[in-house]
Amino acid sequence: MSRARLYGDGTMKSTVRARVIGRLVTMGPGFGFLIVFLAVPLALVLSYTVFRRGRFGGIVYEATGENFTRLIDPLYLDVVFGSVKLAAITTLLALLLAYPTAYMIARLPAKWKVIALVAVVLPFWTNFLIRTYAWIVLLNSEGLLNSGLDALGLGKVELLYSDGAIVAGLLYAYLPLMILPLYSAIERLDPQLREASANLGARPIRTFWSVTLPLSLPGVLTGCVFVFVPSLGNFVIPELLGGGRRIMVGNLIRDQFLKARDWPFGSVLALSVIGVLVLLLFAQAWATRRVGRDA
């Protein structure tokens, strides 16, 4: 009896050991990547926030809370609020453009869906800087848009180096990140629900507001997070299309690390953006669970 128990215990231990090894093999590379490229850099940035800047840059390892109080300085608050405003406008415009696009793609025949989705992601196959410089060619005073306006007798308009140019560049860069999650959410909707709504006498607009939009809300929230966060932290587009007239959070963080060499304050700014991302992800997860529960 004891020998059978011994063999049984040995077999159980071998099974547990095999499961642990299997999980380490399958999950180890992913966890290793997250630790090396996410956890360690984030821990370093977090540690820098409590130290002060050296006289000639760098870090002096003396604890201080000055970096956090500087964050509420009106000068930096204006930059933060201006960045949030432009990112919110970009996100709203992306949603208004992406939803009907994703809806139409979801209703296409299968062979055309692939072509449409490839067309959506096609800009990502081109270098980001090249796409941004293309907008400079389009929007400058001698560009295609101003030439067209001049030919129509409307005169030339200052399009480049403005908030509108920044929003246009951000919208073009991140619109696919709104279309794809919306398409995924709409594609999974049961068409019988819309048919049932129509059979009960609901008009198409009522069906959209009562059935389609609430059930696709997880895709809406995911797309908004995917567009808002990179728009908030982008510094290339404001630099090139805004001409340096509009400083966004991304530009401020870059300047603190590379120009002012104020790593502690730059770390505080970077963590503030990460905090916004975490709050948005929690809100998106909460709203998704609530929609799933109500459905």
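**Exercise 1. Enclosed space**

Determine how many cavities of 30 Å³ or more the predicted model holds, and describe the lining of the largest cavity.

*Solution.*
Step 1. The count comes to 1 cavity of 30 Å³ or more in this predicted model.
Step 2. The space inside the largest cavity amounts to about 30 Å³.
Step 3. Its lining consists of Phe128, Arg131, Thr132, Trp135, Gly169, Tyr172, Ala173 and Ile237.
Step 4. Assigning these residues to helices shows that H5 and helix H7 (163–187) each supply at least two of them. H5 gives the most, with 4 residues.
Step 5. Sorted by class, the lining of the largest cavity has 5 nonpolar, 2 polar and 1 charged residues.

**Exercise 2. Open space**

State which helices each supply at least two residues of the lining of the largest pocket, and classify the lining residues.

*Solution.*
Step 1. The largest pocket holds about 180 Å³ of space.
Step 2. Leu92, Leu95, Leu96, Tyr99, Pro100, Tyr103, Met104, Phe208, Trp209 and Leu213 form its lining.
Step 3. Helix H3 (74–106) and helix H9 (204–215) each contribute at least two residues to the lining of this pocket. The largest share, 7 residues, comes from H3.
Step 4. The division by class is 10 nonpolar, no polar and no charged residues.

**Exercise 3. Packing of H5 and H6**

Establish how helices H5 and H6 are oriented relative to each other, and identify the residues through which they meet.

*Solution.*
Step 1. Helix H5 spans residues 128–139 and helix H6 residues 144–151; their axes lie 4 Å apart, at an angle of about 20°.
Step 2. Angles under 35 degrees count as roughly parallel. H5 and H6 are therefore roughly parallel to each other.
Step 3. On the H5 side the contact involves Val137, Leu138 and Leu139, and on the H6 side Leu144, Leu145 and Asn146.
Step 4. By class, the residues of this contact comprise 5 nonpolar, 1 polar and no charged.

**Exercise 4. An aromatic pair**

Describe the geometry of the pair formed by Tyr48 and Trp263, and explain which parts of the sequence the pair ties together.

*Solution.*
Step 1. A search of the whole structure yields 8 aromatic pairs. The pair of Tyr48 and Trp263 has a centre-to-centre distance of 6.1 Å and an angle of 40° between the planes.
Step 2. Planes under 30 degrees apart count as stacked, over 60 as edge-to-face and the rest as tilted. The pair of Tyr48 and Trp263 is tilted.
Step 3. Tyr48 belongs to helix H1 (residues 2–48) and Trp263 to helix H13 (residues 263–294), so the pair ties together parts that are 215 residues apart in sequence.

Definitions and conventions:
Residues are numbered from 1 along each chain as its sequence is written. This is a predicted model: local features need pLDDT of at least 70, side-chain atom pairs count only at pLDDT 80 or more; totals for chains, interfaces and linings use all residues. Side-chain values use heavy atoms; hydrogens and water are left out. On a 1 Å grid over the protein atoms alone, a cavity is a set of points where a 1.4 Å probe fits but cannot get out, and a pocket is an open set with protein on both sides within 12 Å along at least five of seven lines; lining residues have an atom within 4 Å of a point. Grid points are joined across faces, edges and corners, and a volume is the space filled by probe spheres set on the points. Ala, Val, Leu, Ile, Met, Phe, Trp, Tyr, Cys and Pro count as nonpolar, Asp, Glu, Lys and Arg as charged, and the others, Gly among them, as polar. Axes are lines fitted to C-alpha atoms, for helices over the stretch in contact, and angles run from 0 to 180 degrees between N-to-C directions. Angles under 35 degrees count as roughly parallel, over 145 as roughly antiparallel, 65 to 115 as roughly perpendicular and the rest as oblique. Contact means heavy atoms within 4.5 Å. Rings of Phe, Tyr and Trp (its six-membered ring) pair if their centres lie within 6.5 Å; planes under 30 degrees apart count as stacked, over 60 as edge-to-face and the rest as tilted.
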